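Student: I have a structure here that I have not seen before. Could you take me through it step by step?

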Amino acid sequence: MSSTSRRTAAALAALALAGTLAAGCAASDSTSRAASSRAAAAPSPSSSDCWRSGTSGDDWNDWDSWGPGMGPGMMDRDDCSWGPGMMGGHYWQRGDGTPVKTLDQARQRADAFADRLDLHVGEVMQFSKNFYAELETPSGRLATEILVDPADGDTGIEYGPAMMWNTDYGMHHGGQTQTRISPDQAQNRAQQWLRDRGSNLSADEAEAFPGYYTLRTLRSGKINGMLSVNASTGAVWDHTWHGTYTATSEH
């Protein structure tokens with residue numbers, strides 16, 4: 001798969017979800033109906049009322065399913081932004097085409113991107129499909145989450161919660177949301193979500209980002225994946241796009 005296709009798919013994820021997720025995935029019957037009508041390729045937020053079965057990492061990586069008319073031109077601006085009007089631009093940075101194979105190399109790419117936002121790189125994780133990194137403010141507060149493409153070094157805001165729920169650095173930055181869910185409640189919500197789906201995974205402690213929480217999922221105490229919980233609605237969004245966990249690099 002080409003890097004242009006990856007960039008295009010990430011941008012299209014925002015477009016596909018913007019209409020239904022501008023205020024998060026509210027726990028209501030109407031949200032459930034909206035979720036069921038979204039394209040199967042789009043990663044979907046989930047709660048007891050708006051979770052849509054049948055969406056998996058394989059669905060998300062079915063890049064061809066986005067259909068015709070969604071060409072790479074959306075991402076071809078010289079400033080490497082998402083495109084006109086999307087999050088103010090500068091939320092994607094092209095790589096140099098060199099494969100990223102190690103955590104150190106991924107951190108270098110993440111550092112270069114973080115500088116654009118006056119942020120610092122914290123934890124970096126390696127998965128089979130991408131590298132993931134947390135960005136922090138100068139004071140150490142968690143700011144947002146990004147992905148590094150191992151194929152060519154392309155780096156940008158992670159699709160999913162970081163794009164749609166982050167009130168400071170996401171697509172709806174500047175939006176006013178009320179935090180109704182505490183970290184403990186987010187962990188309990190995530191654990192219940194896993195339990196309801198017959199999973200034997202457990203939810204780790206919740207890390208607070210602007211507008212939402214992200215938690216590691218654990219199997220026998222070892223990292224398996226991630227999911228996020230909306231701090232206002234309690235909706236759960238499974239990070240189905242990482243693949244198999246490999247390793248972590250701390251600060």
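Tutor: The following exchange goes from the overall make-up to individual residues. Please keep in mind that this is a predicted model.

Student: How many helices and strands are there in the protein?

Tutor: The protein has 6 helices and 12 strands. It consists of 251 residues, and 51% of them count as buried. Among contacts with a separation of 6 or more, 54% are between residues 24 or more positions apart.

Student: Which residues have the most contacts inside the largest nonpolar core?

Tutor: They are L119, V121, Y132, L135, I146 and I157, in a core of 36 residues. Helix 4 (103–116), strand 3, strand 4 (131–136), strand 5 and helix 5 each give two or more residues to this core.

Student: What is L135 in contact with?

Tutor: Beyond its neighbours within four places in sequence, L135 is in contact with F113, A114, L119, H120, V121, R141, L142, A143, T144 and I146.

Student: And what lies apart from that core?

Tutor: Another core of 14 residues does, and its members include I181, W193, Y213 and L227.

Student: What does L194 touch, then?

Tutor: Not counting residues up to four places away in sequence, L194 touches S199, L201, S202, A203, T217 and L227. L194 is found in helix 6 and counts as buried, at 4% relative accessibility. The C-alpha atoms of L194 and L227 are separated by 9.9 Å, and the two residues are 33 residues apart along the chain.

Student: Changing topic: how many aromatic pairs does a search of the whole structure find?

Tutor: The search finds 4 aromatic pairs. One of them joins F127 and Y245, whose ring centres are 5.7 Å apart with 70 degrees between the planes, an edge-to-face arrangement. This pair links distant parts of the chain: F127 belongs to strand 3 (residues 120–127) and Y245 to strand 12 (residues 245–249), 118 residues apart.

Student: Is F127 buried or exposed?

Tutor: F127 counts as buried, at 4% relative accessibility. Its partner Y245 is partly exposed, with a relative accessible area of 23%.

Student: And why is the pair of W165 and W237 called edge-to-face?

Tutor: The planes of W165 and W237 stand at 70 degrees, so the pair is edge-to-face, with ring centres 5.2 Å apart. Here too the pair links distant parts of the chain, as W165 is in the loop between helix 5 (161–164) and helix 6 (183–196) and W237 is in strand 11 (residues 236–238), 72 residues apart. W165 is buried at 4% relative accessibility, and W237 is buried with a relative accessible area of 0%.

Student: What about N166, where is its place?

Tutor: N166 is in the loop between helix 5 and helix 6. It is buried, with a relative accessible area of 1%. The side chain of N166 reaches the backbone oxygen of A143 at 2.8 Å. A polar atom of that side chain also lies 2.8 Å from the backbone nitrogen of Y169.

Student: I was looking at E145 as well. Which side chain of opposite charge is nearest to E145?

Tutor: That is R216, 5.4 Å away; E145 is buried yet has no salt bridge. E145 lies in strand 5 (residues 142–148).

Student: Why does R216 at 5.4 Å not give E145 a salt bridge?

Tutor: A salt bridge needs the charged atoms within 4 Å, and R216 is 5.4 Å from E145. The side chain of E145 does make a polar contact with the side chain of T214, at 3.1 Å. Residues that E145 touches include Y132, I157, F209, Y212 and H239.

Student: One last topic: which residues other than glycine have a positive phi?

Tutor: Two examples are D118, with phi near 60 degrees, and S220, with phi near 55 degrees. Most residues other than glycine have a negative phi.

Student: Where do D118 and S220 lie?

Tutor: D118 is in the loop between helix 4 and strand 3, and at 61% relative accessibility it counts as exposed. S220 is in the loop between strand 9 (212–219) and strand 10 (222–230); it is exposed, with a relative accessible area of 77%.

Notes:
Residues are numbered from 1 along each chain as its sequence is written. This is a predicted model: local features need pLDDT of at least 70, side-chain atom pairs count only at pLDDT 80 or more; totals for chains, interfaces and linings use all residues. Side-chain values use heavy atoms; hydrogens and water are left out. Rings of Phe, Tyr and Trp (its six-membered ring) pair if their centres lie within 6.5 Å; planes under 30 degrees apart count as stacked, over 60 as edge-to-face and the rest as tilted. Helices (H or I, at least four residues) and strands (E, at least two) are DSSP runs, numbered from the N terminus. Buried means under 20% relative accessible area, exposed over 50%, partly exposed in between (1.4 Å probe, protein chains only). Lys and Arg count as positive and Asp and Glu as negative; His and the chain ends are not counted. A polar contact is a pair of N or O atoms within 3.5 Å; within protein, one must be able to donate a hydrogen and the other to accept it, and residues adjacent in sequence count only if both atoms are side-chain atoms. Contact means heavy atoms within 4.5 Å. A nonpolar core is a set of buried Ala, Val, Leu, Ile, Met, Phe, Trp, Tyr and Cys residues joined through side-chain atoms within 4.5 Å.
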